[in-house]
Amino acid sequence: MRAGWWRDGPERLQDRLGTGERLVRWMAGRVQDRDQSGISVRAAVLSPGQDTEPEMAWTEISREQFEELCRDDVSARDLAPGSFIEVGVYVG
């Protein structure tokens with residue numbers, strides 16, 4: 001990765017949803033594993049406009065949670081280890 005990559009992101013998330021909700025936190029990560037219990041992700045945790053290097057975190061999301069929350073035409077079964085994902089937290 002190039003130095004300061006997070007300053008140009010997020011790449012795939014909107015700043016604001018059609019409902020008026022604003023992006024307040026986001027994660028840029030890679031799928032580490034996918035099994036029957038869910039999807040394991042290693043991700044950088046960021047705020048929009050963040051200038052400092054992000055903290056890294058590990059998280060797991062169930063397949064059901066992913067299907068419920070994902071707004072794209074991507075299914076949990078399509079995510080292979082190494083896949084890039086972005087996760088946004090929005091508030092209204």
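## How the strands pair

Strand 1 and strand 2 run antiparallel and are joined by nine bridges. This is a predicted model, so treat what follows as a description of a prediction. One of the links between these two strands ties aspartate 33 to its bridge partner in strand 2, serine 40. The two strands form a hairpin, with two residues between them. In general, the strands of a sheet pair through backbone hydrogen bonds, in either a parallel or an antiparallel way.

Now follow the pairing outwards on each side. Strand 2 is also joined to strand 3, by seven bridges, and these two run antiparallel. Here isoleucine 39 has isoleucine 61 in strand 3 as its bridge partner. Strand 1, which covers residues 22-35, pairs with strand 4 in the antiparallel sense over eight bridges. In that pairing, arginine 22 meets its bridge partner valine 91 in strand 4.

## The whole sheet

What order do the four strands take in the open sheet? The order is 3-2-1-4, and the pairing is antiparallel. Strand 3 (55-61) and strand 4 (84-91) each have a single partner strand, so each of these edge strands has one side without a neighbour in the sheet. From one strand to the next, the twist averages 35 degrees.

Strand 2 is mostly covered, since seven of its nine residues are buried. As you look along any strand, a general rule may help: in a regular strand the side chains alternate between the two faces of the sheet.

## Two nonpolar cores

In soluble globular proteins, nonpolar side chains tend to be buried together. Which residues make up the largest nonpolar core here? There are ten of them: Trp5, Trp6, Leu13, Leu17, Leu23, Trp26, Ala28, Ala44, Leu46 and Tyr90. Strand 1 and strand 2 each supply at least two residues of this core, and strand 1 gives the most, with three.

Another core lies apart from that one. This other core has eight residues, including Val31, Val41, Ala76 and Leu79.

## The largest pocket

Rolling a probe the size of a water molecule over the atoms shows where empty space is left. In this model, the largest pocket holds about 770 Å³ of space. Its lining is made of 23 residues, and those that lie nearest the centre are Leu69, Cys70, Glu86, Val87 and Gly88. Strand 2 (38-46), strand 3, helix 1 (63-69) and strand 4 are the elements that give two or more residues to this lining.

Which element gives the most to the lining of the largest pocket? That is strand 4, with six residues. Sorted by type, the lining residues of the largest pocket divide into 15 nonpolar, three polar and five charged.

## Before strand 1

Two residues in the segment before strand 1 are worth finding: proline 10 and glycine 20. Most peptide bonds are trans, as a general rule. The bond that joins glycine 9 and proline 10, however, is a cis peptide bond, with omega about 0 degrees.

Is glycine 20 buried, exposed or partly exposed? Its relative accessible area is 29%, which lies between the 20% limit for buried and the 50% limit for exposed, so glycine 20 is partly exposed. Glycine 20 and valine 91 are 71 residues apart along the chain, and their C-alpha atoms are separated by 8.5 Å. Valine 91 is also the residue in strand 4 that is the bridge partner of arginine 22.

## Three more residues to find

Start in strand 3, where you will find methionine 56. At 46% relative accessibility, methionine 56 counts as partly exposed. Its C-alpha atom is separated by 13 Å from that of glutamine 32, and the two residues are 24 apart along the chain.

Next comes arginine 63, which has its place in helix 1. Arginine 63 is partly exposed too, with a relative accessible area of 23%. Arginine 63 and alanine 76 are 13 residues apart along the chain, with 5.7 Å between their C-alpha atoms. Alanine 76 is one of the residues of the eight-residue core. Last, phenylalanine 84 belongs to strand 4 and counts as partly exposed at 26% relative accessibility. The C-alpha atoms of phenylalanine 84 and aspartate 51 are separated by 22 Å, and these residues lie 33 apart along the chain.

Terms used:
Residues are numbered from 1 along each chain as its sequence is written. This is a predicted model: local features need pLDDT of at least 70, side-chain atom pairs count only at pLDDT 80 or more; totals for chains, interfaces and linings use all residues. Side-chain values use heavy atoms; hydrogens and water are left out. Two strands pair if DSSP finds at least two bridges between them. Axes are lines fitted to C-alpha atoms, for helices over the stretch in contact, and angles run from 0 to 180 degrees between N-to-C directions. On a 1 Å grid over the protein atoms alone, a cavity is a set of points where a 1.4 Å probe fits but cannot get out, and a pocket is an open set with protein on both sides within 12 Å along at least five of seven lines; lining residues have an atom within 4 Å of a point. Grid points are joined across faces, edges and corners, and a volume is the space filled by probe spheres set on the points. Ala, Val, Leu, Ile, Met, Phe, Trp, Tyr, Cys and Pro count as nonpolar, Asp, Glu, Lys and Arg as charged, and the others, Gly among them, as polar. A nonpolar core is a set of buried Ala, Val, Leu, Ile, Met, Phe, Trp, Tyr and Cys residues joined through side-chain atoms within 4.5 Å. Buried means under 20% relative accessible area, exposed over 50%, partly exposed in between (1.4 Å probe, protein chains only).
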